[in-house]
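Open the model in your viewer and keep the selection tool at hand. The stops below go from a single residue out to the whole chain.

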Amino acid sequence: MRNRLTFANTISILLDNKKKTYQQHQLVRSLFSAYLNDELSSGEIYAEDNTMYSRWCTGARPIPMEILRIYDENNFEIMEEDFRCKIIPNLINESQARFQMEELIHDSRNTIGSKTADEMLALTDNAAFFTATVRYAILSDHEHSGLFSPDLSDTIENSRLPSITEEFVGRKNELK
């Protein structure tokens with residue numbers, strides 16, 4: 001369950017393979033440059049923005065629909081160009097990032113279907129491949145609307161039960 005094609009997993013691969021000088025907020029802003037101003041310096045970014053970007057990257061919050069509305073069929077070309085000119089040059093190991101995303105696609109084959117997986121894997125241009133993978137992950141997250149909670153999937157996969165709180169048990173006083 002952990003190796004699903006979600007935005008949190010795809011961005012995690014990019015973050016794991018980026019240069020140390022290329023910060024998370026820069027990656028997110030470059031990825032969505034058609035909506036976000038990716039020319040801001042670290043000092044110009046509000047702390048709330050960094051928190052919001054972190055929530056997107058962990059899967060705690062989906063990418064807002066207002067961003068997705070900017071990226072219709074034609075504007076994903078902007079994202080592809082941003083991969084080519086801004087993101088890929090800041091990856092330490094581009095081939096490793098691609099390999100990890102290919103594994104993610106293979107692991108998600110039952111969910112996304114063989115046809116979609118084969119179409120993404122057939123892309124030879126890395127910028128087009130990364131764009132197609134991220135695009136599918138973002139749209140899939142919205143299609144399932146919160147079905148892929150990372151916290152819940154980790155709990156189920158590891159057979160750890162959520163902790164019990166006093167508010168939900170121990171109603172002896174109320175029953176009296």
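On this tour, contact means heavy atoms within 4.5 Å. The model is a predicted one.

**Stop 1: one residue**

Select Asn-126. This residue lies in helix α9. Is Asn-126 buried or exposed? Asn-126 has a relative accessible area of 17%. Buried means under 20%, so Asn-126 counts as buried. Now show what surrounds it. Setting aside neighbours within four places in sequence, Asn-126 is in contact with Ile-88, Glu-94 and Arg-98. Keep Arg-98 selected for the next stop.

**Stop 2: α6 and α8**

Arg-98 belongs to α6, where Arg-98, Glu-102, Ile-105 and His-106 meet Ala-117, Met-120 and Leu-121 of α8. By class, this contact holds four nonpolar, one polar and two charged residues. Now look along the two helices. Their axes come within 10 Å and cross at roughly 170 degrees. Why is α6 called roughly antiparallel to α8? Angles over 145 degrees count as roughly antiparallel, and the crossing of α6 and α8 therefore earns that description.

**Stop 3: α2 and α5**

Select α2 and α5 next. Their axes are 9 Å apart, and the helices pack at an angle of about 145 degrees. On the α2 side, pick Leu-27, Ser-30 and Leu-31. On the α5 side, pick Met-79, Asp-82, Phe-83, Lys-86 and Ile-87. Five of the residues in this contact are nonpolar, one is polar and two are charged.

**Stop 4: the core**

Leu-31 and Phe-83 lead to the next selection. Both are in the largest nonpolar core, which has 38 residues. Which members touch the most others? Select Phe-7, Leu-31, Phe-32, Trp-56 and Phe-83. Then color the helices that give two or more residues to this core: α1 (7-16), α2 (24-31), α3 (47-58), α4 (65-70), α5 (76-87), α6 (94-107), α8 (114-121) and α9 (126-143). The largest share, six residues, comes from α9. In soluble globular proteins, nonpolar side chains tend to be buried together.

**Stop 5: the whole chain**

Zoom out. The chain has 11 helices and zero strands. Of its 176 residues, 35% count as buried. Switch on the surface. About 10700 Å² is exposed, and carbon and sulfur atoms supply 49% of it. Last, consider contacts with a separation of 6 or more: residues 24 or more positions apart account for 73% of them.

Notes
Residues are numbered from 1 along each chain as its sequence is written. This is a predicted model: local features need pLDDT of at least 70, side-chain atom pairs count only at pLDDT 80 or more; totals for chains, interfaces and linings use all residues. Side-chain values use heavy atoms; hydrogens and water are left out. A nonpolar core is a set of buried Ala, Val, Leu, Ile, Met, Phe, Trp, Tyr and Cys residues joined through side-chain atoms within 4.5 Å. Buried means under 20% relative accessible area, exposed over 50%, partly exposed in between (1.4 Å probe, protein chains only). Helices (H or I, at least four residues) and strands (E, at least two) are DSSP runs, numbered from the N terminus. Axes are lines fitted to C-alpha atoms, for helices over the stretch in contact, and angles run from 0 to 180 degrees between N-to-C directions. Angles under 35 degrees count as roughly parallel, over 145 as roughly antiparallel, 65 to 115 as roughly perpendicular and the rest as oblique. Ala, Val, Leu, Ile, Met, Phe, Trp, Tyr, Cys and Pro count as nonpolar, Asp, Glu, Lys and Arg as charged, and the others, Gly among them, as polar. Accessible areas come from the Shrake-Rupley method with a 1.4 Å probe; for residues, only the protein chains shown count as cover.
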